[in-house]
Amino acid sequence: MLILVVVGVDCDLRRQREQLYVLECVDERCTWRLKASSLRASNLFKVTDFNYVHSCLTDKRFCSQKQAVSAFVAAVVQDKLVDPKTIYIPTDIQRDIQKAYGQILPLAYAIVDSENDASWEWFFVQFRETYGQKEGMCIVSDMHDGIWKATSIVYPEVPHCACMFHLWNNIKTNFRKSQKQIKEVYFALARAYTVEEFNRHMAELEAIDSKVKTYLMDIGYDKWSQAHSKANRTMTMTLNIAESVNAANKHARDLPVVNLLDFMTTLIQKWNYTNRKDAVESFMKIGAKYEKILADNTILSQTMTVLPSTEFLHLVIDGQTRNVVRLHERNCTCGRFQLDDIPCPHAMAVIQKFHMDSYKYCSDYYNIDYLLKTNEIPVNLLPDETTWQIPEDVSSQVVLPPKGKIKPGRPKKKRGIGGWEGNTVTCALCGRKGHNQRTCRNIPKRD
């Protein structure tokens, strides 16, 4: 008999009675399942059925959570805690998660007098003069009004997409009553790989609350949906990278300008060195994050059946679904192969059956050599101030504080929500926008 206490499991409670609990994975197609029944009507439960193997991908399990759950952190750190003498602090956890699941390469950082339309346009003008416009380029932001206006002027040809978490926060604000029912459907919509899958989830959303569908349609499906995006976002659906930089320099932003710039230089120098050192010492052919995706997809492919038509054209049967894989085009009808730029489970089934090289079908940008090139440019170091050679025309200038009225109170470190994002008050009594329940003069709505 096994008596189990489950805490923080990333799952949904499907059935609950006084004497029965049934837990399933958040991905409806996953086989992970736990069933427990009460022992003689007590508060103790006996696990009667437990399939602990997830048949879904990791990103499916964690796409609805911005913060890492305990199980995710445990999977990263468990091997480091085998020796009880090991000292493992939170900064070590951050380092190892960053090493395993992604790296940050800041391209530009600026200090301006105010975050407004003019400063954002100036920033993107400087950025374009330095980096130009690349093929397949895409801008992902929180859709701040200033960013939206500036990019439409400086980068009119480049698709501008929204962070799915920022958009979800706006949905929670505007549709409080239905947010619990639509959360899972919304993230499934954003993550959908094909238009057919998107339409299926959109029908589910419309059945729950048609107003949310109208809201998302007004924003534009191409702004937040992976299936409708005009550019390949290659798994970049959030602003986690930018948020990580903000979290790293949160306290440094209170420093004087010179000290802040020195902090940012040191921070980026440290990141650059660590990332390059990890790439040099790695024995992998691609980054650790992508190695894990390949491993997950390989496991999922084990139960699939491959029916070849030609050397590069195959039919892959996965349970009740049929997908066509075109290896030479790096394409699969499930949509993952071409959007993620890495073999999907169906493609891995073909690759494993015919003993092919899976790395050949991964994006070149995932290659360890490209990671080395990414960090090969050193950060220019700043020597001691006594050795500086400052031109006379620069040293003679007197730099004055920026003009402007300083607002009373403590400066805000979080931006305000722009008008584009729907920062409109909705009355809880009548349901109309533009006022709250205290100032409502309308007849309360009826169910």
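Which residues are buried in α15? The legends below take up this helix after an overall view of the predicted model.

**Figure 1. Overall view of the predicted model.** The secondary structure of the protein consists of 17 helices and ten strands. The protein has 447 residues, of which 37% count as buried. Among contacts with a separation of 6 or more, 53% are between residues 24 or more positions apart. The accessible surface of the protein is about 29000 Å², and carbon and sulfur atoms account for 53% of this area.

**Figure 2. Close-up of helix α15, which spans residues 345-353 and is mostly covered.** Of the nine residues in α15, seven are buried. These are P345, H346, A347, M348, A349, V350 and I351. The cover over the buried residues of α15 includes two helices, α13 (288-300) and α14 (336-340). It also includes the strands β7 (305-308), β8 (313-318), β9 (321-326) and β10 (331-332).

**Figure 3. Close-up of H355, which follows α15.** The phi of H355 is positive, near 55 degrees.

**Figure 4. Close-up of a nonpolar surface patch made by Y109, I111, V257 and L261.** The area of this patch is about 330 Å². One of its residues, V257, is in helix α12, which covers residues 257-281. V257 counts as partly exposed because its relative accessibility is 47%, a value between the 20% limit for buried and the 50% limit for exposed.

Methods. Residues numbered from 1 in each chain as written. Predicted model: local features only at pLDDT ≥ 70, side-chain atom pairs only at ≥ 80, totals over all residues. Heavy atoms only, no water. Patch = residues over 30% accessible without salt bridge, like charges linked within 9 Å, V, L, I, M, F, W, Y side chains within 5 Å. Areas by Shrake-Rupley, 256 points an atom, 1.4 Å probe, with all protein chains shown as cover. Salt bridge = Lys/Arg side-chain N within 4 Å of Asp/Glu carboxyl O. Helix = DSSP H or I, 4+ residues; strand = E, 2+ residues; numbered from the N terminus. Buried < 20%, exposed > 50% of the residue type's maximum accessible area, 1.4 Å probe, protein only. Contact = heavy atoms within 4.5 Å.
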